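Work through the exercises below with the sequence and the structure side by side, and try each task before reading its solution.

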Amino acid sequence: MNEIEIILEKTTLSKDDLVTLISLEGENRNILLKKAQLVAGKTIGNNVYYRGLVEFSNICSKDCFYCGIRKSNKKTERYNLSDSEILDAAKFAYKSQYGSLVLQSGEQTNPAFIGRIGKLLKSIKSLSNGQLGITISLGEQTEDTYQYWYNCGAHRYLLRIETSNKTLYNTIHPFDDNHSFEKRISCLQSLQKVGYQTGTGVMIGLPFQTYEDLADDLIFMKNFDVDMVGMGPYIEHEHTPLYKYKNKLWPLSRRLEVAINMIATLRILMPNINIVASTALQAIDPLGREKALKNGANIIMPNITPTNHRKDYLLYENKPCIDESANDCTNCINIRIEMAGKKVVLGQWGDSKHYFSRNKNL
Ligand code: SF4
């Protein structure tokens, strides 16, 4: 056995082991990917679940240095879908048997926004006879707000930590109370306490980020006992402060490779969680998401935002699928999933098995 095979035989992976795995290249990398395929086959099987993604507003109160829709980017045209546009997208997801929906937007914490989301959640539950599962990704909120939205029908929440290295976190965000690392952690704790299937994620290939940081990110996910992860390569956006470090970045092809290594390693580390094949992977490689599905991911989020607004939700550049209609998007994704040797499961929520194993009383 070579060094990689020996690591992959271990029952507990050390930080050094993780660093070795996520930095692999060439032939040894294939050993990691094969192991992840084997683990996925035994634990989550061949199934892939849909989450119809509705990016309903790009209005945001925050100023994250890496994000194309940060509030200080005056070059972005702001939009806010009407309730009927959002509900139409939900009807489409329901009729297309997606099983689940994701409501995502920039972060707002005002009472009108909180109340609006509550009403929308109830309406989506009602129009789908309770059959659409709902994930929300609406940033940092109070525990009361998380509880209110949970009571209204959301049962999964995605809040990415972006990086678990506090120093790096403070480098890629303004250093103020509105962008606090501690607050992000405490929000994740609140989400678990309320009872959400809790998801997080990180960007891979940030300026100043090391393989050690990425290994710590995986350890963070494991220690936090998350149920779902959505992570992908960092892709620079010209109209953001972080763009000035573009010369410090790994080539895009390496960011993609390491992102797939991260997904494969995480599948081995946390065999029964849900892992998203993120759209950012496809922005680098047309087959990026298929590679993720093949090597550990099991969730895909077809974009069902009305096409006239997709071009305005550019968190990063070269985002794919901004022109296709929701129908075209679905057809294209179906084919892609089959190409990855996987099977789309329609009409089911596809909840995280991990959530139920850590909540054995449910
Ligand atoms: S990353 Fe999220 S919170 Fe930060 S500016 Fe972008 S949309 Fe807003």
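**Exercise 1.** Of the 94 residues in the largest nonpolar core, which touch the most other members?

*Solution.* Keep in mind from the start that this is a predicted model. Within the core, the residues that touch the most other members are L101 and M262. The helix that gives the most to this core is α10, residues 252–269, which supplies nine residues. Turning to L101, and leaving aside its neighbours within four places in sequence, we find it in contact with R51, G52, V54, A90, A93, I124, L132 and I134.

**Exercise 2.** Check the length of helix α8, then work out how its buried residues are arranged around the axis.

*Solution.* Begin with the length: α8 runs over residues 181–194, and at 1.5 Å a residue its 14 residues should span 20 Å, which agrees with the 20 Å between its end C-alpha atoms. Next, list the buried residues of α8, which are R184, C187, L188, S190, L191 and V194. Because these cover an arc of only 160° around the axis, they lie on the same side of α8. On the other side of the helix, E182 and K193 are exposed. Finally, look for what covers the buried residues, and you will find that the cover includes α6 (143–152), β5 (156–158), β6 (197–200) and α9 (211–224).

**Exercise 3.** Describe the surroundings of the ligand by number and by class.

*Solution.* First count the residues that surround the ligand, of which there are ten, the closest being C60, K62, C64, C67 and R70. Then sort this shell by class, which gives five nonpolar, two polar and three charged residues.

How values were computed: Residues numbered from 1 in each chain as written. Predicted model: local features only at pLDDT ≥ 70, side-chain atom pairs only at ≥ 80, totals over all residues. Helix = DSSP H or I, 4+ residues; strand = E, 2+ residues; numbered from the N terminus. Expected span 1.5 Å × (residues − 1). Buried ≥ 20, exposed ≤ 12 C-beta atoms within 10 Å, placed from the backbone. Arc of directions from axis to C-beta. Contact = placed C-beta atoms within 7 Å. Core = buried A, V, L, I, M, F, W, Y, C linked by C-beta atoms within 7 Å. Near = placed C-beta within 6 Å. Nonpolar A, V, L, I, M, F, W, Y, C, P; charged D, E, K, R; others polar.
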